[in-house]
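Good morning, and thank you for making time on the agenda. Please have the sequence and the structure in view while I speak.

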Amino acid sequence: MFAVDLHAHTRFFHGHRGLGDRYDPIGVSLLARTARWRGLDGVATTNHDYYTPFEREAATVVPGIEVTTTRGHVLVVGPDPPAETVPLEYTPAEVIEMAHDRGCAAIVAHPFRNSTVTDVPDLPFDAIEINGKHPRTQPLVERLATEHDVPLVAGSDAHYPIEVGRAYTRIDADELTPESVVEAIRDDRVEAVVDRRPVDRFIRRWYRAIHSRKHPEDLLSKPTPGVGEPPQS
C-alpha cells in the first residue's frame, strides 16, 4: 500500500510561463521533500495546462497535468500526460479520451468548485477527487462517486509545499509506478484520505486568508469556466 498525493503544483503563482519553467525544478524538489516528511510515498505534479518531466526525488514523482476544460478541471495522471493544453479548448469528453489514449487516468478535480464536469451524462472518467482545500465537501463527493459508480481519490491541490499531504490517496499496488497508479485507480484499489490534524486545519485557514486578499476585480477579469453553485453543506 502506497500513499500518494494525486494533485499538487510546483509553483504558488499562475501565468508567467517562462518564470515558472525556471522555478519548477525547485518546486518539484520541495514537493518531494515535503511529501517524504509527511510520510508519503509519492506526489503527482499536476500543473495547470502543462507537464514538465522531472527526475525522481526522494518521493516518487508521478507525471500529471490539470487540464482546464470547457466545464472545469480534469486531472490527467499517468505515464504519458500531454505536454501542454490550451485552456478552454477541450471538452471533458475530449480530455478523457486523450487521457485514455495515453495510458493515463482521468480524474474530476474539485467537482464542487468551479466545475460542472459531472453534470455531463455518461462521461467515462476514472475517479472523482476529494480536494484538500475543501474537505467539508467530502460527503457530497462520496455521494457523487456512488451515483457515477467510480472510485474516490484525494489530493491536496497544493500550491505551497507545506500543503502537500493534507489529502492523499492510498494505492494498493506491488510497486509504485505511474502505470500501477493508473491500474489501481481503474480497479478501485484506492482509498481517499483527508488529514484533519491541527496543522492541516491551520494551513486551510492560512490559505483562505491569502485568497481573501485577492482583489475582486482580478477575479472578475479571470473567470473560471464551468462555475456552478457552491455546496451548502
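**Strand pairing and the nonpolar cores**

I begin with one residue pair: alanine 8 has threonine 45, in strand E2, as its bridge partner. Please keep in mind that what we are viewing is a predicted model.

That pair belongs to the contact between E1 and strand E2, residues 42–48, which run parallel and are joined by 3 bridges. E1 also pairs with strand E8, residues 167–171, here in the antiparallel sense and again over 3 bridges. Within that pairing, phenylalanine 2 faces isoleucine 171 of E8. How many residues of strand E1 are buried? The count is 7 of the 7, residues 2–8, so the strand is largely enclosed by the rest of the structure.

Let me now place these strands in the sheet. The sheet is open, has 9 strands with mixed pairing, and follows the order E7-E6-E5-E4-E3-E2-E1-E8-E9. Strand E7 (152–155) and strand E9 (190–194) form the edges; each has a single partner strand, so one side of each lacks a neighbour in the sheet. On average, and ignoring direction, neighbouring strands are turned by 30 degrees against each other.

Moving towards the E7 side of that order, strand E5 (residues 105–108) and strand E6 (residues 127–131) run parallel and are joined by 2 bridges. Valine 108 is found opposite isoleucine 128 of E6. Helix H3, residues 138–148, lies across E6, E7 and E9, and runs at about 180 degrees to E6.

I turn to the interior. In soluble globular proteins, nonpolar side chains tend to be buried together. Which residues of the largest nonpolar core touch the most other members? Among its 25 residues, they are Val76, Phe125, Ile128, Ile130 and Leu152. Two or more residues each come from strand E3 (60–69), strand E4 (72–77), helix H2 (92–101), E5, E6, H3, E7 and E9. Leaving aside neighbours within four places in sequence, leucine 152 contacts Ile128, Ile130, Val141, Glu142, Ala145, Val190, Glu191 and Ala192. There is also a second, separate core of 20 residues, including Val4, Leu75, Ile171 and Val182.

My last residue is leucine 176, located in the loop between E8 and helix H4 (178–186). Is leucine 176 buried or exposed? Its relative accessibility is 12%, and the cut-off for buried is under 20%, so leucine 176 counts as buried. Its C-alpha atom is separated by 9.5 Å from that of alanine 3, although the two residues are 173 residues apart along the chain.

Terms used: Residues are numbered from 1 along each chain as its sequence is written. This is a predicted model: local features need pLDDT of at least 70, side-chain atom pairs count only at pLDDT 80 or more; totals for chains, interfaces and linings use all residues. Side-chain values use heavy atoms; hydrogens and water are left out. Two strands pair if DSSP finds at least two bridges between them. Helices (H or I, at least four residues) and strands (E, at least two) are DSSP runs, numbered from the N terminus. Axes are lines fitted to C-alpha atoms, for helices over the stretch in contact, and angles run from 0 to 180 degrees between N-to-C directions. Contact means heavy atoms within 4.5 Å. Buried means under 20% relative accessible area, exposed over 50%, partly exposed in between (1.4 Å probe, protein chains only). A nonpolar core is a set of buried Ala, Val, Leu, Ile, Met, Phe, Trp, Tyr and Cys residues joined through side-chain atoms within 4.5 Å.
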